[in-house]
Amino acid sequence: MDNYMELALQLAEKARGYTSPNPMVGAVIVKEGKIVGRGWHQKAGGPHAEINAIDQAGEAARGATLFVTLEPCAHYGRTGPCTQAIINAGIAKVIVAMVDPNPLVAGKGVKILEQAGIQVEVIQGALNEQAVRLNEVFIKWITTNMPFIALKTAMSLDGKIATYCRKSKWITGEQARNYGHYLRHCFDSILVGIGTVIEDDPLLTCRLPNGRSPIRIILDSMARISPSAKVLQDDSVTTIIAVAQEADINRIRKLKTLREGIIIIEVQHNAYGLDLPDLLRKLAAMNITSVLVEGGASINASFLKENLVDKYYGFIAPKIIGGSGAMGPVGGQGVDCPNDAWSVDSIAIEKIGQDILISGYIRK
């Protein structure tokens with residue numbers, strides 16, 4: 001049984017970066033010890049995993065067992081409810097890796113299937129944990145109305161993100177940078193501050209073949225961004241500029257006239273700058289389920305200070321830059337003592353080219 005669910009999880013993973021705001025889901029149909037159908041949810045608005053698997057199985061689905069990584073939906077969205085398709089196909093048993101946290105489902109799918117005489121089993125243990133981890137972004141967004149936040153940094157062995165004269169290209173190697181582009185493909189949006197835009201004029205796209213570029217979010221409280229900035233000139237993806245109420249209205253009007261795909265969001269302002277929770281709530285309402293923060297030291301510090309970071313990706317290059325004036329990845333005042341530091345749990349360490357990637361979850 002575990003092998004079939006593991007396969008379903010692998011199928012779900014194929015769609016990473018393509019299903020938002022929907023979850024990733026994989027399904028496998030087994031009859032008399034043989035796989036007769038398999039499928040995954042390939043993109044938002046397309047058929048769900050169960051439907052693709054049932055279509056492949058055809059008549060062989062009758063009396064079979066369905067292994068699915070997430071509880072089948074029981075409501076009408078852009079597609080019909082999978083529960084009804086499962087019932088119509090004559091499937092005898094459904095094994096689910098996790099209950100759907102979406103309030104529109106949340107156990108209703110299981111109940112409907114059971115009422116139709118279908119045996120349903122929700123598994124526990126390692127495979128359940130894998131299913132939860134697979135859709136950690138969706139779970140955070142659907143249950144809190146806030147996007148999942150990942151912080152990415154790249155630094156030298158001695159903790160520097162740039163030299164004393166603020167040069168940072170390139171600290172990490174090509175393979176690590178490609179992995180960074182893969183992360184951009186995986187996340188709905190990428191966020192930087194206006195300082196990064198002014199200093200580096202980045203494009204903030206995914207440069208991998210067949211990669212999906214994220215929505216660009218620029219924190220620019222006073223609307224200082226230049227109309228000639230690459231993020232405004234490039235129309236391949238939407239650019240959101242977050243400004244404060246105090247921003248110059250004439251600057252904002254000019255930005256709005258540059259092209260379609262530039263969105264100005266007015267965000268509350270506090271003593272530390274833009275109110276980040278207010279911004280994140282507004283992004284979540286726009287179906288932006290995840291944000292990859294690639295800001296400078298000040299932006300990174302702000303997200304950590306407000307306990308908004310869920311996951312951390314830290315690239316470390318085997319270089320020593322030195323210099324007391326060279327900046328580290330997190331600015332601000334920092335903590336008073338090591339015991340107050342943010343902890344990173346469930347750590348994974350991997351070698352990417354000549355660099356090391358340490359990733360894990362921020363304990364708040």
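In these legends, buried means under 20% relative accessible area, exposed means over 50%, and partly exposed is in between (1.4 Å probe, protein chains only). Everything shown is a predicted model, where local features need pLDDT of at least 70, side-chain atom pairs count only at pLDDT 80 or more, and totals for chains, interfaces and linings use all residues. Residues are numbered from 1 along each chain as its sequence is written, and side-chain values use heavy atoms, with hydrogens and water left out.

**View A. N145 and D201, two loop residues with positive phi.** N145 sits in the loop between α6 (136-144) and β6; helices (H or I, at least four residues) and strands (E, at least two) are DSSP runs, numbered from the N terminus. Its phi is near 60°, a positive value in a residue other than glycine. With a relative accessible area of 56%, N145 is exposed. D201 belongs to the loop between α8 (194-200) and β8, and its phi, also positive, is near 45°. At 25% relative accessibility, D201 counts as partly exposed.

**View B. Helix α1 alongside helix α5.** Two packed helices are described by the angle between their axes and the distance between the axes. Here the axes of α1 (residues 2-13) and α5 (residues 126-134) come within 11 Å and cross at roughly 5°. That makes α1 roughly parallel to α5. Axes are lines fitted to C-alpha atoms, for helices over the stretch in contact, and angles run from 0 to 180 degrees between N-to-C directions; under 35 degrees counts as roughly parallel, over 145 as roughly antiparallel, 65 to 115 as roughly perpendicular and the rest as oblique. From α1, the contact uses D2, M5, E6, L9, A12 and E13, and from α5 it uses L127, Q130, A131 and L134 (contact means heavy atoms within 4.5 Å). Sorted by class, that gives six nonpolar, one polar and three charged residues. Ala, Val, Leu, Ile, Met, Phe, Trp, Tyr, Cys and Pro count as nonpolar, Asp, Glu, Lys and Arg as charged, and the others, Gly among them, as polar.

**View C. The largest nonpolar core.** A nonpolar core is a set of buried Ala, Val, Leu, Ile, Met, Phe, Trp, Tyr and Cys residues joined through side-chain atoms within 4.5 Å. This one has 39 residues, and M5, I29, L66, I86, I91 and V94 touch the most other members. Elements that give two or more residues to this core include β1 (26-31), α2 (49-57), β3 (65-68) and α3 (82-89). Helix α1 gives the most, with six residues. Not counting residues up to four places away in sequence, M5 touches F67, V68, T69, I95, V96, A97, I123 and L127. Apart from this core lies another, of 29 residues, among them L151, L191, L280 and I288.

**View D. Helix α11 and its two ends.** Seven of the 10 residues of α11 (residues 276-285) are buried, so the helix is largely enclosed by the rest of the structure. Those buried are L276, P277, D278, L279, L280, L283 and A284. At the start of the helix, a side-chain oxygen of D275 comes to within 3.0 Å of the backbone nitrogen of D278. Just past α11, N287 takes a positive phi of about 65°.

**View E. Helix α12 and T153 in strand β6.** In α12 (residues 297-305), A297, I299, N300, A301, F303 and L304 are buried. Their cover includes β6, β7 (189-193), β8 (215-219), α11, β13 (290-293) and β16 (355-363). Just after α12, N307 has a positive phi of about 55°. T153, in β6 (residues 148-156), is buried, with a relative accessible area of 5%. T153 and A297 are 144 residues apart along the chain, and their C-alpha atoms are separated by 9.2 Å. Beyond its neighbours within four places in sequence, T153 is in contact with N300, Y312, Y313, G314, F315 and P329.

**View F. I320, an exposed loop residue.** I320 is in the loop between β14 (311-317) and β15 (343-352), with a relative accessible area of 69%. Leaving aside neighbours within four places in sequence, I320 is in contact with L157 and D158. From I320 to A27 the C-alpha distance is 48 Å, for residues 293 apart in sequence.

**View G. The cis peptide bond from S20 to P21.** Omega for this bond is near 10°. P21 lies in the loop between α1 and β1.

Notes
A polar contact is a pair of N or O atoms within 3.5 Å; within protein, one must be able to donate a hydrogen and the other to accept it, and residues adjacent in sequence count only if both atoms are side-chain atoms.
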